[in-house]
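Colleague: I'm new to this one and would like a close look at a single part. Could you walk me through the strands and how they are put together?

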Amino acid sequence: MIIDCHGHYTTAPAALQAFREAQLATLKSAGAAAAPQAPRISDDEIRDSLENAQLKLQRERGTDLTIFSPRASAMGHHLGNESISGQWSRVCNDLIHRVCELYPRNFVGVCQLPQFPGAAPAHSAAELERCVTELGFIGCNLNPDPSGGHWNSPPLTDRHWYALYEKMVLLDVPAMVHVSASCNPNFHATGAHYLNADTTAFMQFLTSDLFKDFPSLRFIIPHGGGAVPYHWGRFRGLAQDLKRPPLEELLLKNVYFDTCVYHLPGVELLCKVVPLENILFGSEMVGAVRGIDPRTGHHYDDTKRYLDALPLSEPDRQRLYCHNARRVYPRLNARLSAAGVGGP
Ligand SMILES: [Zn+2]
């Protein structure tokens, strides 16, 4: 079985975006405008939005199950207010739930959190609990910078976030560290802001004792870990200079990387530098980079091709494609085991 740990509903029906625009428009109207009704989207519209996109690509590329969440760049935690962010998150998460109900073999849900600059992460814990216990989700996307590029929240290792972490531990679900759109023109969203956040989160974890407080807390750093694997020697050296334990001891029982690096040399480096137990197959399709590489004739985000090209043993390949994801997402493992799919 091949599990893609990183997919977003980037092709959702237009009614979703229309709802979002109506929702944000209420802020501009005079007086207390009523929140718009949740968007009306039929099952057929959901099927149409997926059949020629994510489902077609799953079939063509030979992947089985995508860990699926709302469109990350549209989370827009910096927009509106906390109540608007809450409503938007519920609508997006409910739609992911419908996708997972329609295609239970192809998708399993991960939620967007109702974050807002300055809002207490305890409020996000409540939506996480709803998504896990009522909708069957297996994790969340956590935005380390709800301001959208101004970085004015405490670091992920600050006690500010602990109420959310306590809930994650209680529910036994991991978070993917995932920023949203950038409203700072210095940072292109997918080309700079995403990768900056990945690198930043890793360095925050390296300099803290967060995982002493939460030994079972787990994070996936997406996009191949930003600059981390390329600069692995720098991070090891910094840990040493700072009198921190070796990275394996300090954070590799808690931090994982996906394979959303869109060329073979990048995936080769990732798999050479980072222990294979810490790497989860991911593609982020249909997402940030949609084109075809003229040098290979294949989509940049067809990351399975890069993994297939690596000289890995069959057990190692199984770990990257399936078993690591089942370890990091125990609720997925339990579901697959209950369905008779052999586990790690
Ligand atoms: Zn993503």
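Modeller: Sure, here is a walk through the strands, with a stop at one helix.

Keep in mind that this is a predicted model, where local features need pLDDT of at least 70, side-chain atom pairs count only at pLDDT 80 or more, and totals for chains, interfaces and linings use all residues. Residues are numbered from 1 along each chain as its sequence is written.

Let's start with the sheet of six strands: it is open, has the order E4-E5-E6-E7-E8-E9, and its pairing is parallel. Strands here are DSSP runs of E with at least two residues, helices are runs of H or I with at least four, and both are numbered from the N terminus. Two strands pair if DSSP finds at least two bridges between them. At the edges stand E4 (111-112) and E9 (279-280), each with a single partner strand, so one side of each has no neighbour in the sheet.

Now go further in. E6 (residues 175-177) pairs with E7 (residues 219-221) over two bridges, in the parallel sense, and Ala175 has Phe219 of E7 as its bridge partner. E7 in turn pairs with E8 over three parallel bridges, with Ile221 opposite Phe257 in E8.

E8 (residues 255-258) deserves a pause: Val255 and Phe257 point one way, Tyr256 and Asp258 the other, and all are buried. Buried means that 20 or more other C-beta atoms, placed from the backbone, lie within 10 Å of the residue's own; exposed means 12 or fewer, and partly exposed is in between. In general, side chains of a regular strand alternate between the two faces of the sheet.

E8 is also joined to E9 by two bridges, and the two run parallel; Asp258 has Leu280 in E9 as its bridge partner. To get from E8 to E9, the chain passes through helix H11 (residues 264-273), a right-handed β-α-β crossover. Right-handed means that, with the strands pointing away from the viewer, the path from the first strand over the helix to the second runs clockwise.

The other open sheet has three strands in the order E1-E2-E3, with parallel pairing. E1 and E2 (residues 65-70) pair over five bridges, and Ile3 stands opposite Leu65 in E2.

Finally, the helix. H3 (residues 54-61) has Gln54, Leu57 and Gln58 as its buried residues, and these pack against E1, helix H2 (43-51) and E2, with contact taken as C-beta atoms, placed from the backbone, within 7 Å. On the face turned away from that buried side, H3 carries the exposed residues Lys56, Arg59 and Glu60.

Notes: Two residues are in contact if their C-beta atoms, placed from the backbone, lie within 7 Å.
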